[in-house]
Amino acid sequence: REITHLIEARPDAPEGTIDHVKLDDCPSLLKSGDAVICRKNANLIAFAYQLLRARVPFRVVGRDAAGEVAQVLRGTGVPTAEGAMTRLRARLARLEATDARDPAVPDEGSDATRKLREQVETLAVVLDNMADRYQRDDGSVPDFSVEDVAREIEDLFAEEGSGVTLSSIHRAKGGEWDRVFWLDPDNCAPSPRASDARVRELMCVRFVATTRARDALYFVR
């Protein structure tokens with residue numbers, strides 16, 4: 001359906017392609033120069049690990065976002081990653097409880113709550129994948145330090161190399177690629193009780209996502 005009437009294709013513009021692909025099929029379809037975009041960094045990082053296992057070259061855009069996540073982890077003052085995650089989840093639970101008592105806060109939570117939730121989800125994905133990669137023969141995993149996980153995140157967001165570009169939708173603004181794979185587009189749908197401001201915000205996100213592709217846009221679910 002129409003998202004905006006403010007932009008129209010030129011009269012001689014070639015027809016583009018819109019298609020749907022399954023998540024598990026996506027790595028085999030990607031080629032150098034493609035872009036994968038997603039609203040949530042946690043989902044993007046999970047997909048990055050999928051590409052690592054499939055040996056597909058990629059770079060993740062957003063070193064400042066990686067720095068923020070690493071800073072939050074280090075800011076807990078706990079040396080172990082497990083202890084730091086326990087503190088961050090407790091902090092998130094307190095924020096969510098405060099939001100629940102305020103009828104003016106939308107279902108998705110306050111800005112601070114949404115940001116911390118995204119960071120915790122991203123850290124959980126990184127820790128799960130590190131556990132899989134370093135699992136011992138007896139099934140146990142090392143006790144990762146905060147610095148181990150912080151370096152892992154910073155390495156993922158190195159923004160070096162070529163291949164497939166992985167980017168949040170926000171960071172994809174202004175960028176164009178021939179083929180764009182939109183990962184988990186349903187995450188851009190507002191909840192039924194979303195505020196008008198939140199609906200407008202997500203409409204802008206969907207507009208950016210749908211206008212990054214020159215030739216082909218793929219919805220990846």
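Visitor: How many aromatic pairs does a search of the whole structure find?
Guide: Rings of Phe, Tyr and Trp (its six-membered ring) pair if their centres lie within 6.5 Å; planes under 30 degrees apart count as stacked, over 60 as edge-to-face and the rest as tilted. This is a predicted model, in which local features need pLDDT of at least 70 and side-chain atom pairs pLDDT 80 or more, while totals for chains, interfaces and linings use all residues. Residues are numbered from 1 along each chain as its sequence is written, and side-chain values use heavy atoms, without hydrogens and water. For the whole structure, the search yields 3 aromatic pairs.

Visitor: What kind of aromatic pair do Tyr134 and Phe144 form?
Guide: The ring centres of Tyr134 and Phe144 are 5.9 Å apart. Their planes meet at 65°, and the pair is edge-to-face.

Visitor: Is Phe144 buried or exposed?
Guide: Buried means under 20% relative accessible area, exposed over 50%, and partly exposed in between (1.4 Å probe, protein chains only). Tyr134, at 40% relative accessibility, is partly exposed. Because Phe144 has 11% relative accessibility, this residue counts as buried.

Visitor: Why is the pair of Trp182 and Phe219 tilted?
Guide: The ring centres of Trp182 and Phe219 are 5.5 Å apart. Their planes stand at 35°, so the pair counts as tilted.

Visitor: Is Trp182 buried or exposed?
Guide: The partner ring, Phe219, has a relative accessible area of 15% and is buried. Trp182 has a relative accessible area of 3%, so this residue is buried.
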